[in-house]
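Here's a walk through this fold, starting from the inside and working out to the ligand and the loops. Keep the viewer open as you read.

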Amino acid sequence: MIALRPLMPHDLPWLCAMEQSLQAQPWSLAMLEEELRLDAWGRIACSPAQQPMGYAIARRFVDELHLLTLGTALPHQRQGVARHLLQALVDYAQAEQIPFLLLEVAASNRPACTLYQDMGFRLLYTRKSYYTLPGGHGEAFVMRRELMPDKPV
Ligand SMILES: CC(C)(COP(=O)(O)OP(=O)(O)OC[C@H]1O[C@@H](n2cnc3c(N)ncnc32)[C@H](O)[C@@H]1OP(=O)(O)O)[C@@H](O)C(=O)NCCC(=O)NCCS
């Protein structure tokens, strides 16, 4: 079973270590602290034993909720953790009547692209040379999911 709870300051060392191990361009501790200070939406996915398994952070920009970072610890991948976090993000946006969810993902990140497509995000446009990768620069997909307030999604 996956339980979600709000991101708290004591999660930051774990979160920073996760960013370093999972992400091609990890967020620094200072960046994560700033998101907490700005009261961003943040959730930690935990096991029944309260062990952190995954995380998501998003922030509102007018009528869009931007997914800033998302990750699942390696031993817990492919168990529905990210799907659970994204569904919570959708629920939050709907409750707040925010019409759009937006994110950027490296075009080469097949697991994440598959996940986002599966969760109803669609390609809005491509950004060339957006990510700095070991082999050079990589494209980013900007993806969006529209939430209709009066319709089930
Ligand atoms: C991308 C990531 C967050 C997915 O997390 P996860 O908890 O393993 O994902 P879930 O188990 O919820 O998977 C949901 C769906 O996403 C897709 N998916 C997830 N991992 C996948 C993989 N390795 N290959 C193909 N599809 C994948 C599948 O459609 C999956 O559904 P299914 O298991 O029923 O087939 C995880 O692989 C990760 O942390 N990657 C490194 C960090 C990262 O890339 N973050 C996103 C940056 S934008």
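## Leu67 and the core around it

Leu67 touches Ala56, Ala58, Leu89, Leu101 and Leu103, leaving out residues up to four places away in sequence. One thing to keep in mind as you click around: this is a predicted model.

Leu67 is also one of the residues with the most contacts inside the largest nonpolar core, a set of 31 residues. Tyr55, Ala56, Ala58, Leu85 and Leu89 are the others named in that group. Who supplies the core? At least two residues each come from helix H1 (12–22), strand S2 (41–46), strand S3 (52–61), strand S4 (64–72), helix H3 (81–95), strand S5 (100–106) and strand S7 (136–146). H3 puts in the largest share, with six residues.

## Helix H3

H3 deserves a closer look. How far apart should its ends be? At 1.5 Å a residue, its 15 residues should span 21 Å, and the end C-alpha atoms are indeed 21 Å apart, so the two agree.

The buried residues of H3 are Val81, Ala82, His84, Leu85, Leu86, Leu89 and Ala93. They pack against strand S1 (3–6), S2, S3, S4, S5 and H4. Other H3 residues are less covered. Gln87 sits in this helix and counts as partly exposed because it has 13 C-beta neighbours inside 10 Å, short of the 20 needed for buried. Its C-alpha atom is 8.1 Å from that of Met119, 32 residues apart along the chain. Tyr92, also in H3, is partly exposed too, with 16 other C-beta atoms within 10 Å. Tyr92 and Arg59 are 33 residues apart in sequence, and their C-alpha atoms are 11 Å apart in space.

## Leu4, reaching across the sequence

Leu4 is in strand S1, and what does it contact? Leaving aside neighbours within four places in sequence, Leu4 is in contact with Arg43, Ala45, His84, Leu85 and Ala88. Take the pair Leu4 and His84: 80 residues separate them in sequence, but C-alpha to C-alpha they are 8.5 Å apart.

Is Leu4 buried, then, or partly exposed? Partly exposed, because 17 other C-beta atoms lie within 10 Å and buried takes 20 or more.

## Around the ligand

How many residues surround the ligand? There are 21, and the closest are Thr72, Gln77, Ala82, Pro111 and Leu115. The elements giving two or more residues to this shell are S4, H3 and helix H4 (110–118). H4 gives the most, with six residues.

Sorted by class, the shell has eight nonpolar, nine polar and four charged residues. Ala82 is worth clicking on here: it is among the closest residues to the ligand and also among the buried residues of H3.

## Loops with a positive phi

Now for some backbone angles. Most residues other than glycine have a negative phi. Gln50, in the loop between S2 and S3, has a positive phi, near 70 degrees. Gln50 is exposed, because it has just 9 other C-beta atoms within 10 Å and the limit for exposed is 12 or fewer.

Arg78 is found in the loop between S4 and H3, with a positive phi near 65 degrees. With 8 other C-beta atoms within 10 Å, Arg78 is exposed. Then there is Gln97, which follows H3 and has a positive phi near 55 degrees.

## The whole chain

Stepping back, the chain has four helices and seven strands. From the N terminus on, they run β-α-α-β-β-β-α-β-α-β-β. Of the contacts with a separation of 6 or more, 56% are between residues 24 or more positions apart.

What about overall dimensions? The C-alpha trace spans about 45 × 40 × 30 Å along its principal axes. A compact globule of 153 residues would have a radius of gyration near 15 Å, and the chain has 15 Å, so the two agree. Buried residues make up 26% of the 153.

Note on methods
Residues are numbered from 1 along each chain as its sequence is written. This is a predicted model: local features need pLDDT of at least 70, side-chain atom pairs count only at pLDDT 80 or more; totals for chains, interfaces and linings use all residues. A nonpolar core is a set of buried Ala, Val, Leu, Ile, Met, Phe, Trp, Tyr and Cys residues joined through C-beta atoms within 7 Å. Two residues are in contact if their C-beta atoms, placed from the backbone, lie within 7 Å. A residue is near a molecule or strand if its C-beta atom, placed from the backbone, lies within 6 Å of it. Ala, Val, Leu, Ile, Met, Phe, Trp, Tyr, Cys and Pro count as nonpolar, Asp, Glu, Lys and Arg as charged, and the others, Gly among them, as polar. The expected span of a helix is 1.5 Å times one less than its number of residues. The radius of gyration is taken over C-alpha atoms; the globule rule is 2.2 Å times the number of residues to the power 0.38.
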